[in-house]
2 protein chains.
Amino acid sequence: MFLFTVRFKLIAVGVILLLLFAGCGNGNSGQSGSLGSGQDLESVAKARGLTPADLVAAAKTYMPTGKYDEYLMFASGGHSGQLLVIGVPSMRLLKVVGVYTPEPWQGWGFSKDTKKVLAEGNPRGQELSWGDTHHPALSETGGNYDGEFVFINDKANARVAVIDLKDFETKQIVKNPLSYSDHGGTFVTPNTEYVIEGSQYAMPWSGQYASIEKYKEKYRGMVTLWKFDRKKGRIIPEQSFAMELPPYWQDLTDAGKLVSEGWIFINSFNTEMSTGGVEDGNPPFEAGASQRDMDYLHVINLKKAEAAYKAGKTKKINGFPVITLATTVKEKILHFVPEPKSPHGVDVTPDGNFLVISGKLDPHVTIFNFTKIKQAIENEKFAGKDDYGIPILGFDDVLEKQVELGLGPLHTQFDPNGFAYTSLFLESKVARWTLGGPWAEKHKKQPWALVDKVSIHYNVGHIAMAEGDNVEPDGKYLVSLNKWAIDRFSNVGPLLPQNFQLVDVSDPDGPMQLLYDMPIGIGEPHYAQIIKADKIKAWDVYPEVGWDPATQSKSKNAIQAGKEKIKRSGKKVEIWMSAVRSHYTPERVQVKRGDKVIWHITNIERAKDATHGFCIPHYNINLSIEPGETQTIEFVAKKAGVFPFYCTEFCSALHLEMAGYFLVKP
Amino acid sequence: MFLFTVRFKLIAVGVILLLLFAGCGNGNSGQSGSLGSGQDLESVAKARGLTPADLVAAAKTYMPTGKYDEYLMFASGGHSGQLLVIGVPSMRLLKVVGVYTPEPWQGWGFSKDTKKVLAEGNPRGQELSWGDTHHPALSETGGNYDGEFVFINDKANARVAVIDLKDFETKQIVKNPLSYSDHGGTFVTPNTEYVIEGSQYAMPWSGQYASIEKYKEKYRGMVTLWKFDRKKGRIIPEQSFAMELPPYWQDLTDAGKLVSEGWIFINSFNTEMSTGGVEDGNPPFEAGASQRDMDYLHVINLKKAEAAYKAGKTKKINGFPVITLATTVKEKILHFVPEPKSPHGVDVTPDGNFLVISGKLDPHVTIFNFTKIKQAIENEKFAGKDDYGIPILGFDDVLEKQVELGLGPLHTQFDPNGFAYTSLFLESKVARWTLGGPWAEKHKKQPWALVDKVSIHYNVGHIAMAEGDNVEPDGKYLVSLNKWAIDRFSNVGPLLPQNFQLVDVSDPDGPMQLLYDMPIGIGEPHYAQIIKADKIKAWDVYPEVGWDPATQSKSKNAIQAGKEKIKRSGKKVEIWMSAVRSHYTPERVQVKRGDKVIWHITNIERAKDATHGFCIPHYNINLSIEPGETQTIEFVAKKAGVFPFYCTEFCSALHLEMAGYFLVKP
């Protein structure tokens, strides 16, 4: 049916083009002459087995040379440890930003400054060279992405990274002082006052051992509120604090917006406090943590939490201020709402009025009304308390609606037409359904109703929509982040790519249309955010020659052309080198074995894209030095010999000649 | 002109569709109804500013869901240190294969076996965590890609890697025993008897220091012939040898084929033996190495070299057999041919008759006739000798033709229609020109003539064509590997992506058509090879449960479901664990601080794509365990505490519950 209608459209295209160009030479279609076969749409479509719908999808995603994508998608690189930047709708990978994993193309983890950023994320001296990136969060102003920063957590080691979108480089990694695992991060408050990091698997806090038998007493969850200083472009650990949470496995998080601004919502599972041990006859976690029909949505009053922190009502744990469970109860900071079943996603609607909860084992989404939650808390109308004294609100007291969508609902995003979209993992589908309430009423649709589903391939986790978790969503495109590929792509061995599928959701009255399959040949993206590309105001080249990206200011080690030098002082050799198409100055650097070498290189180019590399064989050094940048490497010249250094970034016709000799005398 | 013709074709499409579907409901094109706006080709093209030529290009590259690409491109990942696998014509990145740089998604560099492969590539105990991958070479049978293996060199540290295309995993890294830098690698002989690795920057061989003043006496180039054992899937260093070469900077390499099989050709530059030192008033390398009008094509008789090696006419250097320059001269193994100017690419034509030389500073390609070279060598008709006694053939004696193509010619590939294609770096174009000789004569074209050029964006280095350096090239597609992007893509900061452009070269009588821009957001691809996708016979899942990819056989540490165990013996704890959707057995592993932990995990799944991950926080461990695979990690439990391990590869609805606790008692 759908295909047919598109075919009719194609007829219209032909007719219209016929009218437009009728005067240009009827019958000329036969004169293939110089173009030969394969150059016309008809024979291409026939030869490649494309349907009319395929042609429309191709036209919707194809990006002619030099045209720019309308959106940029910031996607987690999963266990690659990196951040992916992808153009939408062309679905082309524009950049892999080095975050937790060293990446030599960018020199990430090879220069002095980038080694330092990575080292800051190392727990107690343990070097980590990977991360499990999960949830990128673009910085927001007034609940909308502002294009200035992006944050991303490492679930595997409980860390948060700050990436500056002026140069798309990671500037900071903070290690959580309490937990080894996070999942409820990163999410930001509507003006990026805080970057939120919530734990996943409960554990005795950092450095402590406690028997699994003491789980209820000794194991804990947490949420950390990292204070962000936009001007400095850094998280300020000294102005940050955490809250102790029960040893449920806290999961996804969202910050309130508009009416619910100042509140934080965190899902949890394993409120059974199952501790595994299938080898001893216990139920495995997958069963043990899925026994109860309800777990707890954590509702946190951020203003009260902040007040408690500022009033010093905290306890220092591992040197970090923590609001204990007892204080949490006393100060009425935390309340629970029962939520069904094996909950995963919690997503606040654009108007801030509703929380959409997905339980992996419940075919419904459950919508809570924030005003009702607030009233129940104010009226202290509780249905009970949990083992740790946290008040539990009555499910029916705060419920707005349950909408049956299908099997395995996970995550929800929003569009400007009053629709919500929820991924259905077990069905491999995405459901479109209507919101209710004042904001959605203007669309004059039946509220809280399933409208349509689109099949994806296969096993969708998160979905991302254009500005789809903002107060003003853009709609148009939905990207489905699929966990399995199975038969979708050419065989590249037993480890298959994950994949993204692009879906056109621009028509509020028509079906959703699957447009494009994008394999992800690196890592497993967990979540992504899609921002209007024109909000990104990145630099083409660094603002002035001699720029230090670590401080975003001029480096004291910058050098001008003609001022290059080598300074020796005892066992220390310091080099100030320039790089320009197509030579380094100096070209010969001689030291003695055992010398400490401090080597500054300034790329004195001002032309866009005139990046130079710099590598030294056998010393495990590679730098990317972008136009205007000054970089430093430090090492001890342990190995004698002659080491030809060269430019690793193809810069000119005589790029191969951009080389020199590093001579280490025995 | 071109656009117009395509427009006429579009008219034809419309007319034909009109005829085909006329009976289905004329005038229905107006009933947009349920489809709404934006769903038909015309309005999509208009809204997105697509020309008819764009629509044809879109149709030629678009891949509908579940359809497979016709070709796979194996591209170097440049200084990312990895290998990229890309579908053609869709230009989608299917896999980043970990080679020289640890990559956690694949567990590459985290498991015991993969750590071992990386360590084998470390020179004298220096840990290297990156590479500058340059030239991938698919294994060949009879001069055609056979789809079994791919090799790739690390220019920055002179190493060669072997990747098995049964599972797309790196199996071996060999470190060159002589040089720190290679560029003339990897290339294979027509039946993959040898993998060729030639040096780039001359230097005193490994571990020696020699003053730059002694350049002519002490610095050397080399070529290494690595013997490949196809059955073992490994390079056999004990059956490999090298040749000493003068301290010119050897560059690209190609192996002879058909009539020239048994010969190797290596370009060189800096036969001036310039040693740089711009800081001391010397000419910089870019000028010093570009003074002479001619450098030397190295013509090596591989049969004679092999005979000399087998006869023991070698000298051991760093424990490796090397044919010295003196022996080379005596045994008549090496001859030179003068080649203009700043030579870069040397490419043997499909019939093996001709060598195409590109000099970066000469607007021609220079074609040498192999038969003439062979005759001159047999007749000992020399024009002179170089400083090292190597005989030099007369340029005019072996020249077939020079064809003027344009500025900055670099690399040449071939198609089945008698055309050669050469990248022009300075013009940012690719030239199509005709070959001559018996093989090309059947195409009845004027031989040795420039036909056409296509513009690319910008600064093309290598080009790759479908099976374009085989004895039977496929043609159809050409990929241009571009070094600069400048204005082609959305702004992602000062470090821009390199990019590939796909060009349709299928029409021997029409123009070449630029089809697609693919940004490469990781590393700088140097070279690529494109193989028919159906030649790759990779495994969907490992052949049996308990497979060890390091030996491609069943692991002695494999475990069946129900046989999982933990064995303690003194300070050693050995674990045999199984992984299956969605739990590990055992789920709790307890050790004492300081214990040596040996942990084997078998993924007992048989379903395609049912991969499980395994990570331990703060221990810097992440594994990818594909269906059937057994992996081992070994470490000392240095840190006390409770470490929640979990599956990092989203495997099922209860994937988050696939976790356990690793408890380390103080």
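This passage walks through a predicted model of two chains, A and B, starting with confidence and ending with some local backbone details.

On the confidence side, the model comes with an ipTM of 0.94 and a pTM of 0.95. Chain A has an average pLDDT of 93, and 94% of its residues reach at least 70. The stretch to watch is residues 1–38 of chain A, where pLDDT stays under 50. The model still has 79 contacts beyond four places in sequence for those residues. Where pLDDT is low, the predicted coordinates should not be read in detail.

Next comes the way the two chains meet. On each side of the interface, 174 residues take part: 174 from chain A touch 174 from chain B. The top contributor on the chain A side is helix H1 (residues 2–21) of chain A, which supplies 16 residues. That helix calls for some caution, given that pLDDT is under 50 throughout residues 1–38 of chain A. Sorted by character, the chain A side of the interface holds 89 nonpolar, 50 polar and 35 charged residues.

As for symmetry, two copies of a chain are related by a rotation about an axis and a shift along it. Here, a turn of 180° with a shift of 0.0 Å along the axis lays chain A on chain B, and the RMSD is 0.0 Å. The two copies are therefore related as by a two-fold rotation axis. Both copies also use the same surface, in that 100% of the contact residues of chain A turn up again in chain B.

Within chain A, the assignment gives two domains, with domain 1 covering 71–535 and domain 2 covering 547–665. Their C-alpha centres are 42 Å apart. The two domains do touch, with eleven residues of domain 1 of chain A and eleven residues of domain 2 of chain A making up the contact. On the domain 1 side, that set breaks down into three nonpolar, four polar and four charged residues.

Turning to the sheets, chain A has an open, antiparallel one built from four strands in the order E4-E5-E6-E7. Strand E4 (137–141) and strand E7 (169–175) of chain A sit at the edges with a single partner strand each, so one side of each has no neighbour in the sheet. On average, and ignoring direction, neighbouring strands here are turned by 30° against each other. The pairing of strand E6 (residues 159–164) of chain A with E7(A) is antiparallel and rests on six bridges. As an example of the register, Ala161(A) has Ile173(A) in E7(A) as its bridge partner.

Chain B offers another open sheet of four antiparallel strands, this one ordered E25-E26-E27-E28. Its edges are strand E25 (409–414) and strand E28 (450–455) of chain B, each of which pairs on one side only. For this sheet, the average turn between neighbouring strands is 25°, direction ignored. Strand E26 (residues 419–424) and strand E27 (residues 429–434) of chain B run antiparallel and are joined by six bridges. There, Phe419(B) is partnered by Thr434(B) in E27(B).

Strand E17 (residues 320–323) of chain B runs parallel to strand E12 (residues 241–245) of chain B, with two bridges between them. In this pairing, Met243(B) is bridged to Ile323(B) of E17(B). By contrast, E17(B) is antiparallel to strand E16 (residues 315–317) of chain B, and three bridges link those two. Lys316(B) faces Pro321(B) in E17(B). E16(B) and E17(B) form a hairpin with two residues between the strands, and Asn318(B) in that hairpin has a positive phi near 50°.

A few more backbone details round things off. Most residues other than glycine have a negative phi, and most peptide bonds are trans. Met273(A) is not a glycine, yet its phi is positive, near 55°. Met273(A) lies in the loop between strand E14 (263–269) and helix H6 (285–288) of chain A. A cis peptide bond links His457(A) to Tyr458(A), with omega about -5°. Tyr458(A) belongs to the loop between strand E28 (450–455) and strand E29 (460–466) of chain A. In chain B, the bond from Gly185(B) to Thr186(B) is cis, with omega near 0°. Thr186(B) falls in the loop between strand E7 (169–175) and strand E8 (187–188) of chain B.

Terms used
Residues are numbered from 1 along each chain as its sequence is written. Chains are lettered from A and ligands numbered from 1 in the order in which they are written. This is a predicted model: local features need pLDDT of at least 70, side-chain atom pairs count only at pLDDT 80 or more; totals for chains, interfaces and linings use all residues. Two residues are in contact if their C-beta atoms, placed from the backbone, lie within 7 Å. Ala, Val, Leu, Ile, Met, Phe, Trp, Tyr, Cys and Pro count as nonpolar, Asp, Glu, Lys and Arg as charged, and the others, Gly among them, as polar. Copies are superposed by least squares on the C-alpha atoms of residues with pLDDT of at least 70 in both. Two strands pair if DSSP finds at least two bridges between them. Domain bounds come from an automatic or database domain assignment. Axes are lines fitted to C-alpha atoms, for helices over the stretch in contact, and angles run from 0 to 180 degrees between N-to-C directions. pLDDT is the predictor's confidence in each residue, from 0 to 100.
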